[in-house]
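Subject: Structure handover

Hi,

Here is the structure for you to look at. My notes follow below it.

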Amino acid sequence: MRKKINLIVKSSDKNLRLDVFINKKEKSISRTRVKNLILNNQLKINNKLINEPSKKVSVGDLINLSIPEPKKASLKPYNFKLDIVYEDEDLIVLNKPAGIIMHPGAGNYDQTIVNALINYNKDSLSNIGDELRPGIVHRIDKNTSGLVVIAKNNYTHENLSLQFSKHSITRIYQLLIWGKIRPSKGKIETLISRSSKNRQMMEVSRIKGKKAITNYQTIELFESENTPTLSLVECKLETGRTHQIRAHMKHIGHPLFNDFEYGGDKIIKGTSFTKYKQFVENCFRLLPGQALHAKSLGFYHPYLKKEMSFDSELPDYFDEVLQKWRRYTNSTTTN
């Protein structure tokens, strides 16, 4: 049965964005979902169809938002062993391996985390979002490993989505980068938008995009007179923009090791490093992609009413690369 939300704009709410206004009045529905419903022609102002989430409301406006029944996904199950860190009646915390994407999309509709979840338990996933993304509250890149939370019902999905939109979720990543960041601990705060050259990538911008904040600290430094310098870094996100860490590290001149999209697959040039070219390339071959792992995840459980926190170990291949660099360089732990 289709649900309807009917609101009247008061003077205290004039000039608010449509999506902001509705999210303010209806706390149970995330702003992201409100925005998607508006874009999908589910909203009327004074009986006129409006599909602009950024449109400003006026005093006396009658807002009617229609919430359709969730669509049931017709997805194929994928027999893929899920690494489940935690599960209860409301959610699942997964340790996603690198090399598999979160949900179906162009070029891959059958072999994703969503398809594996359908195979695991197709009747226990939230279904309020895109029909190709049941249960998916947030994403990490295909070649990024680590922790993600999956919603098993719609209330949990909405609540976790609100926590993500309010940036109250704890997300800590570990990554291997080229060079030595100075200062060794700090904050990167920029705007991030779609790349003007490649729409599949993101870039830092001075004038457009969404605010992105990454807190970082160096936890291990790999230095030698004969090899390029690498750093093992830990990043705590205040925001969760697409490719945020990868774009930020490229922006400050320290791309992720083996990140072929953001320049981290290039051997640092210099005659003194020539004999180590093969060594670096061997390390590249150990990794499925960029050296990036979503290590820690924390959130407030919507039903248990308590803070939950989870931690994961670096994948074996990531650890093997670190061990190789420890043997060939002077490794210094900095925290």
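One definition before the notes: a contact means heavy atoms within 4.5 Å. This is a predicted model.

Start with helix H1, residues 18-25. Its buried residues are Leu18, Asp19, Phe21, Ile22 and Asn23. They pack against three strands and two helices by name: strand S1 (3-8), strand S2 (43-45), strand S4 (62-67), helix H2 (31-39) and helix H4 (154-165).

Now the overall picture. The protein chain holds seven helices and 15 strands. Its C-alpha trace spans about 70 × 45 × 40 Å along the principal axes. The radius of gyration is 22 Å, which agrees with the value near 20 Å for a compact globule of 335 residues. Of those 335 residues, 49% count as buried. Contacts reach far along the sequence: among those between residues at least 6 apart, 66% join residues at least 24 apart.

On the surface, the accessible area comes to about 17400 Å². Carbon and sulfur atoms account for 46% of that. The chain carries 54 positive and 34 negative side chains. The centres of the two sets lie 7 Å apart.

Next, the interior. In soluble globular proteins, nonpolar side chains tend to be buried together. Here the largest nonpolar core has 30 residues. Those with the most contacts inside it are Leu94, Leu117, Ile150, Tyr173, Leu175, Ile245 and Met249. Several elements each supply at least two residues of this core, including strand S6 (91-96), strand S7 (145-151), strand S8 (170-178) and helix H5 (244-251). Helix H3 gives the most, with five residues. Another core lies apart from this one. That core has 19 residues, among them Trp178, Ile219, Tyr276 and Leu287.

Leu94 is worth a click. Leaving out residues up to four places away in sequence, Leu94 touches Leu82, Asp83, Ile84, Val85, Ile113, Leu117, Gly146, Leu147, Val148 and Ile150.

Last, some backbone details:

- The peptide bond from Arg182 to Pro183 is cis, with omega near 0°. Pro183 is in the loop between S8 and strand S9 (185-194).
- Asn15 is not a glycine, yet its phi is positive, near 70°. Asn15 lies in the loop between S1 and H1. Its relative accessibility is 52%, so Asn15 counts as exposed.
- His243 also is not a glycine and has a positive phi, about 55°. His243 sits in the loop between S12 and H5. Its relative accessible area is 12%, so His243 is buried.

Best wishes

Conventions: Residues numbered from 1 in each chain as written. Predicted model: local features only at pLDDT ≥ 70, side-chain atom pairs only at ≥ 80, totals over all residues. Heavy atoms only, no water. Helix = DSSP H or I, 4+ residues; strand = E, 2+ residues; numbered from the N terminus. Rg over C-alpha atoms; globule rule 2.2 N^0.38 Å. Buried < 20%, exposed > 50% of the residue type's maximum accessible area, 1.4 Å probe, protein only. Areas by Shrake-Rupley, 256 points an atom, 1.4 Å probe, with all protein chains shown as cover. Lys, Arg positive; Asp, Glu negative; His and termini not counted. Charge placed at Lys NZ, Arg CZ, Asp CG, Glu CD. Core = buried A, V, L, I, M, F, W, Y, C linked by side-chain atoms within 4.5 Å.
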